[in-house]
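I sat down with this one and a fresh notebook page. Here is what I looked up, in the order I got to it.

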Amino acid sequence: AQRDSLIKSVGESDAETAQAVQRLMIIWEDIPIIADRSLQEAMRGVDARKMALALFEVAGPIADRIRASISERANARVDEELSLLKSPAPEDVQGARDEILQVLADMNSRGELNFQEA
């Protein structure tokens, strides 16, 4: 609710800035608080290689939430891709994370991204 009111307020004076802010409002660390259904929808379009790159050396709540939002088969493909990664370039890892964040930001801009109740 706070995010939506901020975007609406900024958008009233500058629509372009509001769009830029909206793209930046979803960060990697937000993944654990995204509602299950929204995260499942977002992950549906991400291929296994990109997901493996994004999850490279990620542990804890972020990896757990992403893995819980995909099927067993998709998890197996991600594991396979991770086993093939030796030491990816940091920019490739960040690029994969940015692609996931872009999917989430697009969903947010359409009002399709929900967060867990606190």
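The entries below go from the whole chain to single residues.

**Entry 1: the whole chain**

I began by noting that this is a predicted model. I counted the secondary structure and got 7 helices and 0 strands. Read along the sequence, that gives me the pattern α-α-α-α-α-α-α. I then looked up the extent of the chain: along the principal axes, its C-alpha atoms fill a box of roughly 50 × 30 × 20 Å. Of the 118 residues, 37% are buried. I also checked how far along the sequence the contacts reach. Among contacts with a separation of 6 or more, 77% are between residues 24 or more positions apart.

**Entry 2: the core**

Which residues have the most contacts inside the largest nonpolar core? I found W28, I31, M43, M51, I66 and L104, in a core of 30 residues. The elements that give two or more residues to this core are α3, α4, α5, α6 and α7.

I stayed with W28 for a moment. Setting aside its neighbours within four places in sequence, I listed its contacts as A54, V58, I62, I66, R97, I100 and L101. One of these, I66, is also among the core residues with the most contacts.

**Entry 3: L104**

Next I went to L104, which sits in helix α7. Its relative accessible area is 0%, so I put L104 down as buried. What does L104 touch, not counting residues up to four places away in sequence? My list reads I26, I31, I34, L39, A42 and L113. I took the pair with I34 further: these residues are 70 apart along the chain, yet their C-alpha atoms are separated by 9.4 Å.

**Entry 4: the two sides of α5**

I turned to helix α5, residues 61-68, and picked out its buried residues: I62, A63, R65 and I66. Do they line one face or scatter around the helix? Viewed down the axis of α5, they fall within an arc of 165 degrees, so they line one face. My reminder to myself: an α-helix has 3.6 residues a turn, so residues three or four places apart point the same way.

What do the buried residues of α5 pack against? I found α3 and α4 as the partners. On the other side of α5, I noted P61, D64 and A68 as exposed.

I looked at A68 on its own as well. It belongs to helix α5, and it is exposed because its relative accessible area is 59%, over the 50% cut-off. I paired A68 with Q40, which is 28 residues away along the chain, and read 8.5 Å between their C-alpha atoms.

**Entry 5: α4 against α6**

At what angle do α4 and α6 pack? I read about 65 degrees, with the axes 8 Å apart. The crossing is right-handed. On the α4 side I listed A48, R49, M51, A52 and L55, and they meet R77, V78, E81 and L82 in α6. Sorted by class, this contact has 6 nonpolar, no polar and 3 charged residues. From Entry 2, I recalled that M51 is one of the core residues with the most contacts.

**Entry 6: two buried residues, N108 and D30**

I wanted to see what surrounds N108, which is placed in helix α7. With a relative accessible area of 11%, N108 counts as buried. Beyond its neighbours within four places in sequence, I found N108 in contact with Q22, I26 and L113. I26 and L113 had already turned up on my list for L104.

Is D30 buried or exposed? Its relative accessible area is 8%, so I wrote it down as buried. D30 is in the loop between α2 and α3. Not counting residues up to four places away in sequence, D30 touches R3 and M25.

**Entry 7: the backbone at E57**

Last, I checked phi at E57, and I found a positive value of about 60 degrees although E57 is not a glycine. I jotted the background beside it: most residues other than glycine have a negative phi. E57 lies in the loop between α4 and α5. Its relative accessible area is 74%, so E57 went into my notes as exposed.

Definitions and conventions. Residues numbered from 1 in each chain as written. Predicted model: local features only at pLDDT ≥ 70, side-chain atom pairs only at ≥ 80, totals over all residues. Heavy atoms only, no water. Buried < 20%, exposed > 50% of the residue type's maximum accessible area, 1.4 Å probe, protein only. Helix = DSSP H or I, 4+ residues; strand = E, 2+ residues; numbered from the N terminus. Arc of directions from axis to C-beta. Contact = heavy atoms within 4.5 Å. Core = buried A, V, L, I, M, F, W, Y, C linked by side-chain atoms within 4.5 Å. Axes fitted to C-alpha atoms, helices over the stretch in contact; angles between N-to-C directions. Left-handed = near helix turned anticlockwise from the far one by under 90°. Nonpolar A, V, L, I, M, F, W, Y, C, P; charged D, E, K, R; others polar.
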